Amino acid sequence: MKRMVDFTVNGEAREMAVDGCRSLLDALRDDVGLTGTKKGCDVGDCGACTVLVDGEPVNACLMLAVEAEGRAVETIEGLQPDVDRLHPLQDAFMRHGASQCGFCTPGILMMAKKLLDDNPRPTDEEIRFGLSGNICRCTGYTKIFDAIKSAAREMEAARP
Amino acid sequence: MRRFDYHRAETLEQASRLLTELGDDTFVFNGGTDLLVEIRERLRRVRNVVDIKQIPGLSDITYDETRGLTFGALVTVGRLENLSLVRQRYPNLRSALASLGSIQVRNRATVVGNICRASPSADTIPPLVADGAFVHIYSRTDMRVVPIAEFFTGAGKTVLAKGEIVTGITVPPAADNIGKAYLKHGRRKAMELSTVGVAVSLAMEEGVCSDIRIALGAVGATVLRAPQAEAMLRGTRLDAAAVRNAADKAMEECTPISNVRASADYRRDMVGVLTGRAIKQALETFA
Ligand SMILES: Cc1cc2nc3c(=O)[nH]c(=O)nc-3n(C[C@@H](O)[C@@H](O)[C@H](O)COP(=O)(O)OP(=O)(O)OC[C@H]3O[C@@H](n4cnc5c(N)ncnc54)[C@H](O)[C@@H]3O)c2cc1C
Ligand code: FES
Ligand code: FES
C-alpha cells in the first residue's frame, strides 16, 4: 500500500506516494531524482547516504521515506548557496584533492557541514570523531581533514 | 526487495492490538537501526512493522533525586549522550552511548531498542545492569516493571510477550558516593561492536566499598553479573590486591564464545584486565 508523504527537500515542498518499506535513500534517488546522495552499503556502515533531517545527520538508508512526513531534508544538492557559487567546503575539497572516486564525498560534505555549523573551530580529534561514521576507501582521510580545516578557517574569516 | 507493510500507531493500545492481530513476523519499529539492517541482510523475516514514534508521551526525559533518571522508549542514544546530567551522574551509561555506532546511527537508534534487541554485545546493557535499572512494560491488561537483569532470557530473547511494548527505562539516582565506569574493548575506536564490555557501579562509605555491581558484556548469551567477584570486594578498601583477586574471579564467572571478533580465551583475559581498570576508573570519579 502506498502512502502520501509531504516533506521538504532542500527547502522545496514535495509530495510523493511511496511504499511503506521504501528507504528515504531510494525515494530521494529514484522518486525525487536527486542522485547526489549515494548508496554504499545500505546498512548504516559507510555514511555515503548521510543527509540532514530537521538539521540532524542520519543515514538515509536506515530511515523509511514515510518517516520524512512533515520534515525538512537537506541533501548534497542543496549545499551550494547559489548556482554559480560553491559552499566553502566544496571549494576546499576541490583545492585539496579531498575527493578521488567521489563516492563518499556527498555524505562527508553533509556531515562536515553539520560539524562546522555546530563547532566552527573543531580540533583534529573532533573532526575524526565527527566523521567516524563516514568511510572513504580512496583518500586515506588526510586530505579530507585538511580540506575541512581549511574551509573552517575561511568560513571563520568570512563571518562579519 | 525485502518487502513489508508499514503501520503507524497513534496510541499504545493500538500498537499493541496491531502487534497481536497482524500475526507472526510483526515487530515494533522504533529507530529501525537493527530492524532495517536485519531485513536487508535477510536475518529476520518481517511482514509488518508497527511504528511507535507518533505515540505521545514516549519521548520524555525526567530526573529526580528519589526516583532517578527516567526516559521514554523513543529517546535516542544521541539525545541522552548529549545531556549534561547523564555526563555527570551516569558516566558509565554516557560512555556506552558515545561509543555506539556513529553520530548518524546515534541520531536514530534508541536505548530501548538496544535493550529490546538483546544482543549480547549491546553497549547500553552493561551500565544499565550495573546501575540496577528498571524496564517499564505496557500490555493491554496491565503495566509491569521488570528489573533489567531479569529482562533478558537469552541471546536476542527477552521476557516480552506478544503485544507487549517497552515504554521506558528508569535508572536509580546517583548519590555522591557512587562511582561508575564502562569500558568497551574493540579492534578499533569507533564504529565497532564490543569484543568485551565491562561496567562497574560502586558505592564507598568512609573508604570502604559498601556495594558494587559488575556487569560483563559480550562474554555470555546475555550480559552477566559477576556475583562472586562482587562479594569478594564488598567491605574491602578496593586496594590493588583485592581488585586483582576479584578480577581473576570475574574471569571464571564469564562464559565467552569464540567468533569473528575474538577467541573465547582472549575475551576471558580481557574481562580480567577491564574489570580491574573499570574499578580504578570508577574510583577516580570521586577524586
Ligand atoms: C552501523 C551501525 C553500528 C552500530 N553499532 C553499535 C554499537 O557499537 N553498539 C551497540 O550496542 N549497537 C550498535 N548498533 C545497533 C544499535 O543501533 C541498535 O541496537 C539500536 O540501539 C536499536 O534501537 P532502534 O531504536 O534502532 O531499534 P529498532 O531497530 O527499531 O528495534 C530493535 C528491536 O527492538 C524491538 N523494539 C524496539 N523498541 C521497542 C519497544 N519500545 N518495545 C518493544 N520492542 C521494541 C524491535 O521490534 C526490534 O526487534 C549499530 C547499528 C548500526 C546500523
Ligand atoms: S548506504 Fe547508508 S550508510 Fe552506507
Ligand atoms: S573518494 Fe573514493 S571513497 Fe572517498
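Colleague: Which helices and strands of chain B each supply at least two residues of the shell around ligand 1?
Modeller: Happy to help: this is a predicted model, where local features need pLDDT of at least 70 and side-chain atom pairs pLDDT 80 or more, while totals for chains, interfaces and linings use all residues, and side-chain values use heavy atoms, without hydrogens and water. Residues are numbered from 1 along each chain as written, with chains lettered from A and ligands numbered from 1 in written order. Helices (H or I, at least four residues) and strands (E, at least two) are DSSP runs, numbered from the N terminus. Those of chain B are strand S2 (26-29), helix H2 (35-40), helix H7 (111-117) and strand S10 (165-171).

Colleague: How many residues of the shell around ligand 1 come from H7(B)?
Modeller: Ligand 1 lies between chains A and B, and 37 residues surround it (a heavy atom within 4 Å). H7(B) supplies the largest share, 5 residues.

Colleague: Which residue's side chain has a polar atom 2.7 Å from a nitrogen atom of ligand 1?
Modeller: At 2.7 Å from an oxygen atom of ligand 1 there is a backbone N or O atom, that of B:Gly31. The side-chain partner of the ligand nitrogen is B:Asp123.

Colleague: Is B:Glu164 buried or exposed, and what is its relative accessible area?
Modeller: B:Glu164 sits in the loop between strand S9 (157-158) and S10 of chain B. A polar atom of the B:Glu164 side chain is 2.8 Å from the backbone nitrogen of B:Ala161. B:Glu164 is buried (under 20%, with a 1.4 Å probe and protein chains only), and its relative accessible area is 11%.

Conventions: Polar contact = N/O pair within 3.5 Å; in protein donor to acceptor, adjacent residues only side chain to side chain. Buried < 20%, exposed > 50% of the residue type's maximum accessible area, 1.4 Å probe, protein only.
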